[in-house]
Structures are given as structure tokens and as C-alpha cells.
Amino acid sequence: MNKLFITGIGTEVGKTVCSAVLVQYFKADYWKPVQSGDLDNTDSQKIASWTENTRCHPETYRFKLAASPHQSAREENIEINIEDFTLPKTDNKLIAEGAGGLMVPLSDEVFMIDLIEKLELPVALVVRNYLGCINHTLLSVMALQQRKIKLEFLILNGNFPPDTERVITGFINNETGIIRIPEMNQLEKDSITTAAEQLTKKQNL
């Protein structure tokens, strides 16, 4: 794994937490292409505080409003241009984190999946258990398959009922690695480090 794009089956599924664990595990750089809202506590700032000596590359776009990127941009009379996005230059591994899910709009015509396709990055899809997560996961996997975007990892974030996990993992192909990240009661450097160490012991990434 040299470069990886972290996306999710929706919002609030733990993409930044999972990004932090993978950044720590791979000793990778971090890049958030679009930050919408929370400019005083950005995802880059969270990653920097949760991991060791991580280089966080500047966002291509930063907006004040915590909303879908196309709405946040419109509030500031800006239109996001997909051609403005280029991968940060680094000799290190890189974790890029999107906003929301695959069909989050960057503009009225361009979506997060279009950015992934432009950057030509494999994907790690973050899944969290809730009513409807099977449907959202399978639809996301199908969208990636339709675009011929490689699903490098499926990340199961937190605890899952066996019936839910069985259907989800049974839908993906054998080339996709499955990462299980435990439920974290406190988000801090020690818990992220512990989760990364557990990956080292249990997984072959």
C-alpha cells in the first residue's frame, strides 16, 4: 500500500478515526482534499494530535460551513473545480480522506467518486453498524465496481452482529482485505496507537 483513499458508506461512520489508525500503522502522510466546517478543529488537526509525527498536507479547499462541500462552497461564492486536485508530493505513503460517502457532491455535476477516479487511488471503504448499513455498503461496493475502482480494504469500524458482518463480507471479492477496528470509547493518541498495534498483530495488510 503506497496511496489509499478513505471513504465511507455515509457520514459519521468514523472515517477520520480509521484514517488515523491506518496513518499510524503505515507511518503514512495524511491529506484531506476538502474540509467543510470545523476549521478550528479540522480532520488534519485531529490526525496530527492522534498520531506520531505525521505530515499532514494542506487541504485543496477549506470552507467554514459544516455541510456538503458543494453547499459549503456555494456559501462562499466558490465552485469546486476537480482539476484543482493533485496528489501531494511525497516519498512517503499517503492516506487521503474524503468527505461523507461516494456520492457526496463537490459541485452540481461532480461527486466524490469522480475525485477518487481522477486521483487514480484504490479505496478503503469504512462501514459502521446501523440499520441500513448493509444496503449502503453493498450499493457503495457496486458503485466502485461500476467505475472499476479497486476496493483495497473493507474496514469494519466497531462491533457488528454476526448476521450483518456475514452478508457484508460475503459480498466482496477475495482480493479485498478486511480490516476490523475495535470500538473506541475515548479518541486519543493511546487508543489509536493500540488499535494500530492490534492490526500489526492480527492482520496482514
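How many bridges join strand 8 and strand 9? This is a predicted model, and in it strand 8, made of residues 151-157, pairs with strand 9 over 5 bridges, in the parallel sense. If you'd like to pick out one spot along that pairing, look for Leu 156: its bridge partner in strand 9 is Arg 180.

Now step back to the whole sheet. These two strands belong to an open sheet of 7 strands, and the pairing is parallel. Reading across, the order goes 4-2-6-1-7-8-9. Strand 4 (56-57) and strand 9 (177-181) sit at the edges with a single partner strand each, so one side of each has no neighbour in the sheet.

Next, find helix 5, which covers residues 133-147. Helix 5 lies across strand 7 (123-128) and strand 8, and runs at about 170° to strand 7.

Finally, let's turn to the cysteines. A disulfide is a covalent bond between the sulfur atoms of two cysteines. How many disulfides does the structure hold? The count is 0. Take Cys 56, which is in no disulfide: the nearest cysteine sulfur belongs to Cys 18 and is 16 Å away. Cys 133 is in a similar spot, because its sulfur is 14 Å from the closest cysteine sulfur, again in Cys 18, and that is too far for a bond. A disulfide would need the two sulfur atoms within 2.5 Å.

Are these two cysteines buried or exposed? Cys 56 counts as partly exposed, at 27% relative accessibility, whereas Cys 133 is buried, with a relative accessible area of 2%.

Key. Residues numbered from 1 in each chain as written. Predicted model: local features only at pLDDT ≥ 70, side-chain atom pairs only at ≥ 80, totals over all residues. Heavy atoms only, no water. Pairing = 2+ DSSP bridges. Helix = DSSP H or I, 4+ residues; strand = E, 2+ residues; numbered from the N terminus. Contact = heavy atoms within 4.5 Å. Axes fitted to C-alpha atoms, helices over the stretch in contact; angles between N-to-C directions. Buried < 20%, exposed > 50% of the residue type's maximum accessible area, 1.4 Å probe, protein only.
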